[in-house]
Each structure stands twice: as C-alpha cells, then as structure tokens.
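Biologist: Hi! Could you show me the model, and then we can chat through it?

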Amino acid sequence: MEVVIAQSERLKAQKLAPTKKRQIGLGEPHAILVSGAAGFVGSKLARLFVDRGYPVFGFDDLSRGSRQNLSGLLTHERFIFEKVDLSDAGAVRSRFMDCHSRIPISEVWHMAANSDIAAGIADASVDLRDTFLSTFNVLNAMKEAGVPFLAFASSSAVYGDLGEAPIREDVGPLLPVSNYGAMKLASEALISAAVENWLARALLFRFPNVIGVPATHGVILDFVRKLRITPNKLNVLGSGRQQKAYLHVNDLIDAIVYLRANASERLGYYNIGPGDNGVTVSFIAETTVGAVAPGAGIEYGVEDRGWTGDVPRFSYDIAKISALGWRPQLGSADAVRKAVGEIVRQEGHL
Ligand SMILES: NC(=O)c1ccc[n+]([C@@H]2O[C@H](COP(=O)([O-])OP(=O)(O)OC[C@H]3O[C@@H](n4cnc5c(N)ncnc54)[C@H](O)[C@@H]3O)[C@@H](O)[C@H]2O)c1
C-alpha cells in the first residue's frame, strides 16, 4: 500500500470547501473510508491509516461504537467523522458522494456491522439492517463513485458449526448457525457478485474472535463488568468448555493491512487467526478473575454453548495467509492474558 503524505493545509481547505467530483489522478492524495470507525476494530484501523498519512473518512452511527474511541482523531486534520446510519440508502449515498467530492475515495474498509450475535438471534432485523443492508448500500455508493477496492470484515461465523477440525477457506457447504453469520455470508456473496460485475478488487477477511481495546463487546468485557457488579462471583454462560481461537486486535490489524499489500487475487478471502486450537472459556474466566477479583467463585452453566447461535468449538487453518508470509505475534492464551490486562485498565479496575 502506497503511503500518501497529505498536504495538511490543502486538506484542511478541502474539509472546509468541498470541490467537484473528480477522478483520482496519479500522485494525488486519495482518501480511505472506514465504516464502523467508532467501533473496536474500525477505530484502530482509522488511526493506523491516519498515522500513515492518509486522509480518512470515518462513518459510524454510534449505535455500538463511541466518540470516546475516536479520541485524538476527531480533531485530527486528516480525519473526518460522519455520523450516518449505513442501512439508510439515501443517507449513505449523499454522505459518501459528498466526501468523495472533497477528497476522492480510493478504498473502503467496511467494518460496520452488528457485532452482537445474541442480539441478532433475538431480533433478526438487526443483522439484516446493520450487516447486510450496510454492505449493500456501501457497495452501491462505491459503484456510483467508481471506488475500486473494498476490504470487508467477515467472520468465522460464515462457516457454521463444523466441529473441532481446523477450518480451511475452501470447506463447504457454508451453513451459518446465526443470523449474524448468515448476513456476513450474504454480504460476502454480494461482494463476490460486485467483483464479477464492476468492482476491481475485494478482500474478505474472516476474523476469528478478536480481543483487545477499545473493547466494545465480547466475553472478557462481559466478565470484567460482571465482576464489578458482583466481585465475589462470576456466572459464566455455558459449561466453560467452549474452546475457540482468539486473536489480539494488534495482530488482526497487522494481518489485514499485510493482506492488502501482499494478496494478489481480485477476490481474496482469508481466515485470520492465531493458528492454534484456541483456549477454553474457563481459561478466560480464570484469567479475568485472577486480574479483577482473585478468590471470586466461578459458576458455570450446563449448556455446551453460551447462547443460541454460538459455535462452541472452532479453530482455523491459517495455511493460506501463512503462505504469504504473515505470522501472528501472540497465540490465543497470550492474547487473552494481554487483553484481560488492557480491558481491566479500560474499565478502570486498576
Ligand atoms: N470483534 C470480533 O471478535 C469480530 C469477530 C468477527 C467479525 N468481526 C467483524 O468485525 C467488524 C468490526 O467489529 P468490532 O468488534 O469492531 O465491532 P464494534 O461493534 O465495536 O464495531 C462495529 C461498528 O459499526 C457501527 N455500526 C453498526 N451498525 C451500523 C450502521 N447501521 N450504520 C453505521 N454504523 C454502524 C457500530 O456503531 C460500531 O461502532 C464487524 O463487521 C464485525 O462483525 C468482529
């Protein structure tokens, strides 16, 4: 990925005085649009692109993300935040085209989605709206603006429940067991069709469980918050024997930017993970209790999964990304230890 050193004065002026839509010329500053920019992964990604010298448009409706996650960015001269509901086609089109006319957008990193699997089981419209429609509308705006590249945050949930064997990208059939997974898979399908028809290139990143800060959701945050309310006891959903791969967000960001630079397919799809068999929920519970409330009792449920739509055991085969030379810094256990410390600090326990 070519680094653009933005001319700050010129960009400031562009913030204030939108220019007419124009084609991206060689050597011209071009912008990256990050959707879900106020969320966990999106905010880290937006920060990285800004640090690398890109002008960045951050889109988010702040439904699950927050302005707090954008601290330092909101006032940055190369970052422009747009509060927009990506399921609203008209709003997406007008905000997208306006941004594109200020600084031509050359890439979209679509991170916005419903990130709460259980919420999507309770109300299927959540994933339809925030995951599928957001992708549909972003693609339509990209087509109209002629933006050639899309990076998409997909998920292990597209595979469904395939048991314990490490999952390769070419397994099938893909039968998700949650609406979340279903709408991610449907979004992948839309992107595939777009690449066939008009989109120059796309990368589908199948994330595992990603942990770290700024945490907006997830098992560690749940445990830390539960322990704040009842410091002597931690209730765990499910038997605690669920075992999954966890990747630290720093490794995740490293991987997706690495793939942008090193994957060569027009439509690339990659598992991203730590390359181990993961850790159990009981390991995460014990690590969190040890950091927050040593001595607290841990009470497990009886179900083999935490909630309907949960996949209790999965690990990834990461041979495909490994063949390109990418390696994670941390395995699942170290990622959990690091993230527990970070989230405990985020929540003000230390
Ligand atoms: N964190 C993980 O473990 C994990 C695992 C697999 C896939 N993913 C995917 O990675 C992406 C980022 O996840 P995250 O963990 O940062 O979640 P997150 O909830 O922190 O971030 C998602 C962001 O999207 C925004 N958003 C949701 N619906 C929107 C809408 N209709 N319009 C505009 N903004 C909207 C939310 O406000 C939030 O800021 C998501 O697509 C998620 O599905 C995450």
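Modeller: Let's begin with Gly-53, which is partly exposed because 13 other C-beta atoms lie within 10 Å. (With C-beta atoms placed from the backbone, 20 or more within 10 Å means buried, 12 or fewer exposed, and in between partly exposed.) This is a predicted model, where local features need pLDDT of at least 70, side-chain atom pairs count only at pLDDT 80 or more, and totals for chains, interfaces and linings use all residues. Residues are numbered from 1 along each chain as its sequence is written.

Biologist: Where is the place of Gly-53?

Modeller: Gly-53 sits in the loop between α2 (40-51) and β2 (56-60). Helices (H or I, at least four residues) and strands (E, at least two) are DSSP runs, numbered from the N terminus. Gly-53 and Ala-31 are 22 residues apart in sequence and 9.8 Å apart in space, C-alpha to C-alpha.

Biologist: New topic: how many residues surround the ligand?

Modeller: 28 residues do, and the closest are Gly-36, Gly-39, Phe-40, Gly-65 and Ala-113. The cut-off is a C-beta atom, placed from the backbone, within 6 Å of the ligand.

Biologist: Which helix gives the largest share of that shell?

Modeller: α2, with three residues. At least two residues each come from α2, α5 (125-145), β5 (149-155) and β7 (209-211).

Biologist: And what does the shell have by class?

Modeller: There are 11 nonpolar, 12 polar and five charged residues. Here Ala, Val, Leu, Ile, Met, Phe, Trp, Tyr, Cys and Pro count as nonpolar, Asp, Glu, Lys and Arg as charged, and the others, Gly among them, as polar.
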